[in-house]
Each structure stands twice: as C-alpha cells, then as structure tokens.
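User: I would like a close look at a single part of this model, the sheet and what packs on it. Please keep the account connected.

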Amino acid sequence: MSRIAYVNGRYVPQSDASISIEDRGYQFGDGIYEVIHIHDGRFVDTELHLARLARSLREIAIPAPMDNAALLVVLREVVRRNRVHEGIVYMQITRGVARRDHAFPLGIKPSLVITARHGNPFPRDIAAWTATAITLPDIRWGRCDIKTVNLLPNCLAKQKAREAGAYEAILIDASGMITEGSSTTVWAVDANGVLRTRHLDDHILPGCTRAALGGLLRDNDIAFEERGLSELEFRAAREVFLTSATSFVKPIVSVDGVAVADGKPGPVTTRLFALFARHADGAGHNAASGGPVLRPRGESDQTRP
Ligand code: PDD
C-alpha cells in the first residue's frame with residue numbers, strides 16, 4: 001500500500017506528492033512543524049501540540065491555513081488512509097510559494113503538508129528503552145522556542161551522536177548550561193536528588209511531552225524544579241532522561257562514554273516511564289483527539305466515512 005500524504009487540499013500518494021521549488025519552506029526554512037505520537041490508533045496530547053502549532057505560527061506571522069477542528073479532520077483522515085495504529089503524524093506549514101525575496105511576500109497562502117508513518121509499538125520494558133548521549137555546544141539561533149523547520153544545527157548534532165554510536169546529542173550553551181537535546185527535552189535528578197529540567201525560555205522548545213509529564217508530576221505530588229542545570233551539575237546527576245513525542249521517557253545511561261550513576265535506569269526515571277506509559281494508554285487522549293482514528297486492529301475500517 002503506498003503512503004498517502006495531504007498536500008494543500010489533496011490526498012495524494014506520497015510518491016506523487018510535490019511542492020513548488022519556490023516554496024519558502026524549501027528556500028528559506030520559512031515554516032513550522034509538529035509531530036504527534038499515535039498510540040493505539042489515537043493521538044497523544046493533541047491539544048498541547050495544536051496549541052504549540054498555533055503559537056509557532058503566530059511567532060513568525062504565518063496565518064493558520066485552517067482552524068483546529070478542520071485540521072483535526074485532515075490529521076485523522078491521513079492517519080486513517082495510512083492505517084497507522086502506532087507511529088507519528090507529521091505536519092508542516094510554510095509561508096507559501098512566491099518569487100524568491102527574503103522579505104515576506106504579500107497575499108500568498110500558506111502551504112500545508114501532512115504525512116503519517118508507522119512506528120514501533122509503545123515501549124513497555126524500560127531496560128530495552130535505554131540509550132546513550134554525547135554532549136555538544138549549542139550552536140542554534142536565539143528563538144529555539146519556535147518549532148521551525150530550520151533544523152540544520154539539530155541535524156548536525158544528531159549526526160555527530162550517530163557517528164559516536166549515541167542516541168542523542170545534549171546541547172550546552174555558551175554559559176555552560178544544558179539547553180536540550182537535538183530533538184528532545186533533557187531532565188535530570190541532580191546530586192541532591194532533585195528532579196529538574198530547564199526553565200522555558202527562548203533557547204529551548206517547550207516540549208509537549210514535558211508539559212504532559214509536568215501535569216503528571218503535579219497530579220502525583222512528585223516534586224520537580226524548572227531550573228537549568230550547569231554542565232557540572234549535569235555530569236554529577238544521579239539520573240538523566242529525555243522526553244519527546246517519539247522518545248517518550250527515555251533513560252540515558254551514559255553521557256560521553258561515562259556511565260550515569262550505575263549505568264541503569266534510576267528509580268525516578270523508572271517511575272516516570274511507567275506514569276507516561278499509562279498516560280499514553282489512556283489519559284493522553286483528551287477531547288480534541290476525539291477517540292480512536294482507526295478501529296481496533298483486525299476490524300475493517302472500510303465502512304467508516
Ligand atoms: N522533536 N526539543 C527539540 C529541539 C525537539 O525537536 C523536540 C521534539 C523536543 C520535544 O518536544 P515534544 O515533547 O513536543 O516532542 C524538544 C520532534 C519529536 C521531532 O523533531 O521529530
């Protein structure tokens with residue numbers, strides 16, 4: 001079955017999908033994106049992702065191509081047509097197509113592309129979900145809070161991690177503070193046992209998984225601080241883990257080749273891994289996700305509109 005993409009109003013086989021060579025996303029990286037996790041045929045944390053999408057658009061003055069209700073219909077349709085039960089949906093909105101000129105062109109329509117793809121089943125065994133990281137200088141721009149498609153520094157960092165045999169590159173700013181991973185939020189349990197992640201500012205993406213986990217921490221009376229870690233504090237951490245829409249809660253067991261504590265997922269990470277799994281199973285499916293996109297596995301969805 002060929003994958004189906006939504007491209008500016010049409011559902012097309014992905015192999016036939018195309019955008020203009022003068023799309024500003026292609027020429028300038030003038031666009032934003034979102035990635036939503038699909039678990040058991042449902043979107044996880046939809047409202048958080050749609051709110052961040054709206055914020056990213058606002059911050060770079062791209063008008064929304066459609067309202068959230070319409071967008072959800074399209075997202076669900078792409079997932080349905082691709083029969084994705086476990087995976088991700090990716091959406092990208094660029095300023096649109098115009099003769100190349102750095103300044104914003106007037107009167108153009110934003111481009112919207114949505115794709116969905118299968119992923120691995122949600123992890124249940126934390127021991128099989130551990131990973132390693134390296135550290136690198138954060139060489140990105142001053143508005144990393146906007147989820148733009150300008151990801152070259154992130155790609156360079158991830159590539160260095162791959163070449164080092166690591167899962168993630170954890171970035172350190174010029175003042176020696178941990179910012180985030182190349183595509184993840186960084187958390188640590190510091191040497192005093194305090195669970196911490198950096199405060200939100202212009203230098204990191206406000207992660208939706210972070211926000212969801214923050215809610216779970218509050219609901220479960222688990223203390224944490226939104227306070228950045230210095231490199232020294234980070235290297236002395238008892239536990240390190242990452243969060244994202246595709247990493248969920250991911251234990252980091254070594255950094256730059258040095259084991260974090262005993263090199264096994266710690267008790268806090270283990271608890272939060274389980275809490276987030278429960279969230280993804282049920283509580284993450286809020287009103288906006290509107291129930292399953294697909295029928296349970298095995299049942300036909302031919303009859304669905
Ligand atoms: N990345 N920081 C950065 C730089 C990211 O790119 C991401 C997400 C996150 C975590 O955000 P969230 O919890 O909302 O996924 C933090 C996505 C998954 C990606 O680019 O594929």
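Which residue of β6 does T94 stand opposite? Please set that pair in the context of the sheet and the helices that lie across the strands.

Analyst: This is a predicted model. In it, T94 stands opposite S111 in β6. The pair belongs to the ladder between β5 and β6, two antiparallel strands joined by eight bridges. β5 covers residues 87-94, and β6 covers residues 111-118.

These two strands are part of an open sheet of six strands, in the order β2-β1-β6-β5-β3-β4, with antiparallel pairing. Its edge strands are β2 (10-13) and β4 (42-43), each of which pairs on one side only. Strands of a sheet pair through backbone hydrogen bonds, in a parallel or an antiparallel sense.

On its other side in the strand order, β6 is followed by β1. Two bridges join β1 to β6, again antiparallel, and here Y6 stands opposite I114 in β6. β1 (residues 4-7) also pairs with β2 in the antiparallel sense, over four bridges. In that pairing V7 stands opposite R10 in β2.

Two helices lie across these strands. Helix α3 (residues 68-82) lies across β1, β2, β3, β4, β5 and β6, and runs at about 40° to β6. Helix α2 (residues 46-59) lies across β3 (31-39), β4 and β5, running at about 175° to β3. β5 is thus listed under α2 and also under α3.

α2 can be described further. Its 14 residues reach 20 Å from the first C-alpha to the last, close to the 20 Å expected at 1.5 Å a residue. The buried residues of α2 are T46, H49, L50, R52, L53, S56 and L57. Seen down the helix axis, these buried residues fall within an arc of 160°, so they line one face of α2. The elements that cover them include β3, β4, α3, β5 and α5 (208-219). Just after α2, A61 takes a positive phi of about 55°.

As for the wider setting, the domain assignment of the protein chain gives domain 1 (4-119) and domain 2 (126-280). The C-alpha centres of domain 1 and domain 2 lie 26 Å apart. The contact between the two domains takes 21 residues from domain 1 and 20 residues from domain 2.

Notes: Residues numbered from 1 in each chain as written. Predicted model: local features only at pLDDT ≥ 70, side-chain atom pairs only at ≥ 80, totals over all residues. Heavy atoms only, no water. Pairing = 2+ DSSP bridges. Contact = heavy atoms within 4.5 Å. Axes fitted to C-alpha atoms, helices over the stretch in contact; angles between N-to-C directions. Expected span 1.5 Å × (residues − 1). Buried < 20%, exposed > 50% of the residue type's maximum accessible area, 1.4 Å probe, protein only. Arc of directions from axis to C-beta. Domains from an automatic or database assignment.
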